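Please open the model in your viewer and keep the sequence panel beside it. We will walk through it one selection at a time.

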Amino acid sequence: MIALADCNNFFASCERSIRPELEGKPIVVLSNNDGCIIARSNEAKALGYKMGEPVFKVKDKLLRDRVHMFSGNMALYRDISEKIMCILSSECNAIEVYSIDEAFMDFTSVAAAEEKAELLRMQVLKETKIPISIGIAKTKVLAKLASHIAKKHSRRGVFKLYNKGLIERALSYYSVEELWGVGRKQTQFLNDKGIFQASQLAQADESWLRRHMSILGVRMARELNGIPCFELQETRPYKKSIMTSRSFKHELGSFKLLHEVLSNFACLCALKLRKQNTRAKKLIVFIQTNRFRSDVKSHYGSLEVQFPIATNDSIEIVKTTYIALDKLYDKSCSYKRAGVIVSDIIPDQQVQLNLFGKYDVEKRTKLMKVYDDVNRKMGEGTIRLSIQGVENKWGEKQAPISFGH
Ligand SMILES: [Mg+2]
C-alpha cells in the first residue's frame, strides 16, 4: 500500500503559517521577479486567479480583491518542507520525497491506513500549520489520484482508493492527461487513438500499448489496475538529529576525562554532519550516573545549547560541549553514561555564511575540509584536537555508538 501526502497550496500555506491573521484571506505567491502567480490559497482560486498568470494583467483586480501578495521565500518553504518530511518519515517504513511538497510513503504494513493518515495529517497541521491531503492506494498512480480526490472531495483530507467500484468510478471521472506520469505527448497520442478517460487506458490492450507506447504505457495501465510497477524510490531526508553516546565500562568521575570522552563524541557528530553536508542549530549534552546502583549518588543532567549560527565545525562543537559539561558536572558523582546530540539539522547551502560574524565561518569551513581530507587519506584520527587525547582511556576498544533518528 502506498500513501501520497501532498501539501495544499504549499507556498501560500507557508506564508499563512507565519501570519495566522491571514486565515480565510486570499493569498497569492509571486515568482522571483514578481512576474507571475505561482501559488494561490483556496480563496484566491475562488476569485478566479490562475496559476502562472502574469501579475500586470490582473494588478487592478488583485488590489480590488485585497489579495495578499508575497514574493516567493524559498528558504522558508524549504524549512517547512523539511519539518513536514521529517514528521512523515518518522511514521512510515520508507519515504520518497518526490518534491518540496509531496512524498510517497510505504504503508505496506500499516494496519489502519486511513486512521493513520488522519493522525499524520493532524500532526503536520498542528506542528507546521500546513494542511495536507493524503491519498492511499495500491500503486503510485492510483495514490496520486486518491490524493487529488482527498483534496477536492473529502472533508477529512484523506481518501483511500481501494475497492473496485470506487476505482472504476474514479478512472472514468479522470482524463488521461490528469494522470501522474502522462505527459503532453502521450496525451496527444492517446487522444488521437480515441483514449480520453483513465478507464479507457486501464482497459487498453497490453500488446497494443507495448507496440505504440513502449513499456511506459504498459506500466501505466497496470498501475491503474492496481499492479505496482513504479517502485518507491526511497529517499532519506536529513536526519532530525545525530547522537553519539555510550555507557562506560568503568564509571567516570574526573571532569577532565569526561570532557575528553565528550569531545570525541562531539567530533564524531561534527564529522557526520559534514559527511552529509549539513549543519546543526542545536547541541544537547547529557551525563548520567548508573541507574542500577543505589549505593552512590544518582544524577542525570542534560543541557541544550542553541548555536548562534548552524554549524558543523568540530572546534566550535567541542567548545560548546565543554561549556555545557561545565554546567552539568557534579564532582561528587561518577558517571556511567554520556552523550552528545546535535539536532535541528539543515543543509549546508541554507546557512548564509556572510551574515554572521562570530568567527570567520568560511575560513573554518576550509580548515575542516583539510582536516577531513587528511583523515580520509591517512586514516581516521591522524589529525585530532588535542583535547580528544591520544588513547582510549574509558574502557573497551569498541567505538562509541553513533546513530541518527
Ligand atoms: Mg501540492
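Start with the contacts across the whole chain: among those with a separation of 6 or more, 68% are between residues 24 or more positions apart. Keep in mind as you look that this is a predicted model. Show the chain as a cartoon, and you can follow 13 helices and 13 strands. The C-alpha atoms fill a box of roughly 80 × 50 × 45 Å along the principal axes. Of the 405 residues, 47% count as buried.

**Stop 1: the open sheet**

Select strands β5, β6, β1, β7 and β8, which is their order in an open sheet of five strands with mixed pairing. Which strands stand at the edges? They are β5 (95–99) and β8 (158–160); each has a single partner strand, so one side of each is left without a neighbour in the sheet. Now turn the view to look for the twist, which averages 15° from one strand to the next.

A short reminder may help here: strands of a sheet pair through backbone hydrogen bonds, either parallel or antiparallel. Zoom in on β5 and β6 (residues 102–106) for an example: these two run antiparallel and are joined by four bridges. Pick I95 and look across to β6, where M105 stands opposite.

**Stop 2: helices across the sheet**

Next, colour helix α5 (residues 113–128). This helix lies across β6, β7 (132–137) and β8, and runs at about 160° to β7. Then colour helix α6 (residues 140–153), which lies across β1 (2–7), β5, β6, β7 and β8. The angle of α6 to β7 is about 140°.

**Stop 3: the magnesium ion**

Show the magnesium ion as a sphere. Which residues coordinate the ion? Select D6 (OD), C7 (O) and D101 (OD), and you will find them at 2.2 to 2.5 Å. Along the sequence, these donor residues follow the spacing D-C-x93-D.

Are D6 and C7 buried or exposed? Buried means under 20% relative accessible area. D6 has 10% relative accessibility, so D6 counts as buried. C7 is at 4%, and therefore counts as buried too.

**Stop 4: aromatic rings**

Now display the aromatic side chains; the structure holds 13 aromatic pairs. Begin with Y98 and F104, whose ring centres are 5.7 Å apart with planes at 70°, so this pair is edge-to-face. Y98 is partly exposed at 39% relative accessibility, whereas F104 is buried at 0%.

Move on to F189 and W208, a stacked pair with 6.0 Å from centre to centre and 25° between the planes. This pair links distant parts of the chain: F189 belongs to helix α8 (residues 184–192) and W208 to helix α10 (residues 206–224), and the two residues are 19 residues apart. F189 counts as partly exposed at 21% relative accessibility, and W208 is partly exposed with a relative accessible area of 21%.

Go back to Y98 and F104, and add W180 and F230 to the selection: these four form one aromatic cluster.

**Stop 5: charges over rings**

Keep F104 in view and add K140, which lies over the face of the F104 ring at 4.8 Å from its centre. For your last selection, choose K160 and Y162. The charged end of K160 sits over the ring of Y162, 4.9 Å from the ring centre.

Notes
Residues are numbered from 1 along each chain as its sequence is written. Side-chain values use heavy atoms; hydrogens and water are left out. Donors are N, O and S atoms within 2.8 Å of the metal (3.2 Å for Na, K and Ca); water is not among the atoms, so sites may look incomplete. Buried means under 20% relative accessible area, exposed over 50%, partly exposed in between (1.4 Å probe, protein chains only). Two strands pair if DSSP finds at least two bridges between them. Axes are lines fitted to C-alpha atoms, for helices over the stretch in contact, and angles run from 0 to 180 degrees between N-to-C directions. Contact means heavy atoms within 4.5 Å. Rings of Phe, Tyr and Trp (its six-membered ring) pair if their centres lie within 6.5 Å; planes under 30 degrees apart count as stacked, over 60 as edge-to-face and the rest as tilted. A charge sits over a ring if NZ of Lys or CZ of Arg is within 6 Å of the ring centre and within 35 degrees of the ring normal.
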